[in-house]
Amino acid sequence: MTRQIRVGGVLVGGGAPVSIQSMLNTRTTDVEGSLRQLRALAAAGCQIARLAVPDMDAAKGFAELCTVSPLPLVADIHFDYRLALAAAEGGAAKIRINPGNIGSPERVREVADACRERRIPIRIGVNGGSLDKRLLEKYGHPTAEALVESAFSHLELLEACGFYDTCVSMKSSSVPTMMAAYRLFSERSDYPLHLGVTETGTEYMGTVKSAMGIGGLLCLGIGDTIRVSLTADPVREVYAAKAILKAAGLRRDGVNIIACPTCGRTRIDLIGLASRVEDALKDCKKPITVAVMGCVVNGPGEAREADVGVAGGEDCGMLFVKGQIVKKLPYDELLPALLEYVDRL
Ligand code: SF4
């Protein structure tokens, strides 16, 4: 089991439930806009939010946001240790910084001390796209071994300051590379792991890559907190992360929708119905299974485990509960009837 850190009120590692993170695409200086996005992320189920803090103005905005944010905030900092100190002072719940990139050991110590005093953990975020030259020369390209070696070299700098309240990410845009890196690291260390595939692309391919990389590792028991990166609204990242956790069997809250792929027996617009059901229930927290099946021949039987479901007929459909048909309805009434039943569960 990994060690445990605390990010605001969220426990990460040490057997705590795997948490969901996202990153805002607003500037911290736009306090109103950032707060709007934070609220939307929180409503979608995000538990930890990260913001870029590229300069002192951003650090001021970050501090202001810390006082009003509904979520614990992580300051994302590159190179400048003074920004890390300002973020720590401003109320950061975590700081993402790579100690090897901030200069002298004294600066690393200052950051480590500031974080320790306030019990702020640090995330070391190794990224295949920004590995240091020495490792690139040694390994030729950003291999899994290179990512792991980089993570350990940053960790050693914090450990030299007596700082162990750290979590680690080793992201790559290559799913096999990031998976190999996390597996290798977890064999050698018990620091908690923040999982992510980076630069995944737009929503469809990004979700596929993240489901493979993050989901694959979670199924192996590796990973303590996750961030799905998508070139899309950050709220979509949270929905994708929730789906990955559900598919990995790590979340029971929220509706599990099963739907058939349709075939020549389907006589209703099942694809449209399934996406309307998914949309209508995306914020429902009940730990239930809802089936949307194309026909009564196989539908109720195949979805026997569902709490409630619909199966299509000839321009109509059946509402079924635990595999038993309870009502025959015209197509247009299927969705309202299903939602009404879910409401009563
Ligand atoms: Fe075809 Fe019916 Fe199976 Fe859907 S449930 S794939 S319609 S046989």
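In what order do the strands of the open eight-stranded sheet run? Here are some notes on this predicted model, starting with that sheet.

1. The order is β8-β7-β6-β5-β4-β3-β10-β9, and the pairing is parallel. The sheet is open, with β8 (166-171) and β9 (194-195) as its edge strands, each pairing on one side only.

2. For a look at one pairing inside this sheet, try β3 and β4. Strand β3 (residues 19-23) runs parallel to strand β4 (residues 48-52), and three bridges join them. If you want a residue pair to find on screen, Gln21 stands opposite Ile48 in β4.

3. Both edge strands share a helix: α7 (residues 175-188) lies across β8 and β9. Its direction makes an angle of about 150 degrees with β8.

4. On the domain level, the assignment splits the chain into domain 1 (5-247) and domain 2 (256-344). Taken over C-alpha atoms, the centres of domain 1 and domain 2 are 39 Å apart.

5. Further along the chain, strand β11 (residues 256-259) and strand β12 (residues 289-293) run parallel and are joined by four bridges. Here Ile258 stands opposite Ala291 in β12. Together with helix α10 (residues 270-280), β11 and β12 make a β-α-β unit, and the unit is left-handed, so do have a look at that crossover with the definition of handedness in mind.

6. Finally, the ligand. The residues around it include Cys260, Pro261, Thr262, Cys263, Arg265 and Thr266, as well as Gly294, Cys295, Asn298, Gly299 and Glu302. By character, this shell has four nonpolar, five polar and two charged residues.

Conventions. Residues are numbered from 1 along each chain as its sequence is written. This is a predicted model: local features need pLDDT of at least 70, side-chain atom pairs count only at pLDDT 80 or more; totals for chains, interfaces and linings use all residues. Side-chain values use heavy atoms; hydrogens and water are left out. A residue is near a molecule or strand if one of its heavy atoms lies within 4 Å of it. Ala, Val, Leu, Ile, Met, Phe, Trp, Tyr, Cys and Pro count as nonpolar, Asp, Glu, Lys and Arg as charged, and the others, Gly among them, as polar. Two strands pair if DSSP finds at least two bridges between them. Helices (H or I, at least four residues) and strands (E, at least two) are DSSP runs, numbered from the N terminus. Contact means heavy atoms within 4.5 Å. Axes are lines fitted to C-alpha atoms, for helices over the stretch in contact, and angles run from 0 to 180 degrees between N-to-C directions. Domain bounds come from an automatic or database domain assignment.
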